[in-house]
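Me: I have a structure here and want a close look at one part of it. Please take me through the surroundings of a single residue, then carry on to whatever else can be said.

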Amino acid sequence: MSPDELVAHALDARTRAYAPYSRYAVGAALLTADGTVIYGCNVENAAYPATICAERVALTAAVALGKRAFTALAVATQNGGAPCGICRQVMAELGPDMTVYIADAAGNYQTTSVAELLPASFTGADLER
Ligand code: THU
């Protein structure tokens, strides 16, 4: 799958966002090592902290589907906003080697990586000390 195609999926996932409070719709498309694309969108809640971000919806849904190996994640917002810190931590846990595409609503995107988004991350290895 090309980066452009994965970004197009993230834009499609964005249409499913449930964001009545912020009105900031976010879509994510996660590419697994076996070529499956798993969608995520933000799902907000009247109790604001219960909101979950698009990236974590995609990653946790993937685990529930039995997927554990991920190659890329595309995230789409109106203005090309960056993934939040909690999502970066979850990316580091489940997909540390992923390429990340950060797209805006027009489909323009920048390419980065989990390592670049969250350098020197806390990982399972730290718990073994
Ligand atoms: N949001 C995401 O879905 N992903 C991020 O990485 C940043 C923020 C959502 C959460 C909330 O529904 C809205 O964007 C505004 O914060």
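Me: Which residues does Thr 112 touch, not counting residues up to four places away in sequence? Start there, then move on to the ligand and the helix beside it.

Reply: Thr 112 touches Thr 99, Val 100, Ile 102 and Leu 117, once residues up to four places away in sequence are set aside. This is a predicted model. Thr 112 belongs to strand S5, which covers residues 109–113. Its relative accessibility is 11%. The cut-off for buried is under 20%, so Thr 112 counts as buried. The side chain of Thr 112 also has a polar partner. A polar contact of 2.5 Å links it to the side chain of Glu 116.

Ile 102 leads on to the next residue. Ile 102 is touched by Thr 112, and Ile 102 is also in contact with Gly 81. Tyr 24 is another contact of Gly 81, with neighbours within four places in sequence left aside. Gly 81 lies in the loop between S3 and H3. At 19% relative accessibility, Gly 81 counts as buried, because the limit is under 20%. Ala 103 is 22 residues from Gly 81 in sequence. In space, their C-alpha atoms are 7.8 Å apart.

Tyr 24 takes us to the ligand. Tyr 24 is one of the residues that surround the ligand. The others are Ser 22, Val 26, Asn 42, Glu 44, Thr 51, Cys 53, Ala 54, Glu 55, Pro 83 and Cys 84. The ligand sits in the largest pocket.

Now the polar atoms. An oxygen atom of the ligand lies 2.7 Å from an N or O atom in the side chain of Glu 55. For the side chain of Asn 42, the distance from a ligand oxygen to an N or O atom is 2.9 Å. With Ala 54, the partner is a polar backbone atom, 3.0 Å from an oxygen of the ligand. Taken alone, the ligand exposes 370 Å². The protein buries 78% of that.

Ala 54 and Glu 55 also belong to helix H2, residues 54–64. Both are buried there. So are Arg 56, Val 57, Ala 58, Leu 59 and Ala 62. What do the buried residues of H2 pack against? Three strands and a helix are involved: S1 (27–32), S2 (37–41), S3 (70–76) and H3 (85–94). S3 and H3 are also the two elements joined by the loop that holds Gly 81. After H2 comes Gly 66. The phi of Gly 66 is positive, near 90 degrees.

Key
Residues numbered from 1 in each chain as written. Predicted model: local features only at pLDDT ≥ 70, side-chain atom pairs only at ≥ 80, totals over all residues. Heavy atoms only, no water. Buried < 20%, exposed > 50% of the residue type's maximum accessible area, 1.4 Å probe, protein only. Helix = DSSP H or I, 4+ residues; strand = E, 2+ residues; numbered from the N terminus. Contact = heavy atoms within 4.5 Å. Near = heavy atom within 4 Å. Polar contact = N/O pair within 3.5 Å; in protein donor to acceptor, adjacent residues only side chain to side chain. Areas by Shrake-Rupley, 256 points an atom, 1.4 Å probe, with all protein chains shown as cover. 1 Å grid on protein atoms, 1.4 Å probe; cavity = no way out; pocket = protein on both sides within 12 Å on 5 of 7 lines; lining within 4 Å. Sits in = over half its atoms within 2 Å of the grid points.
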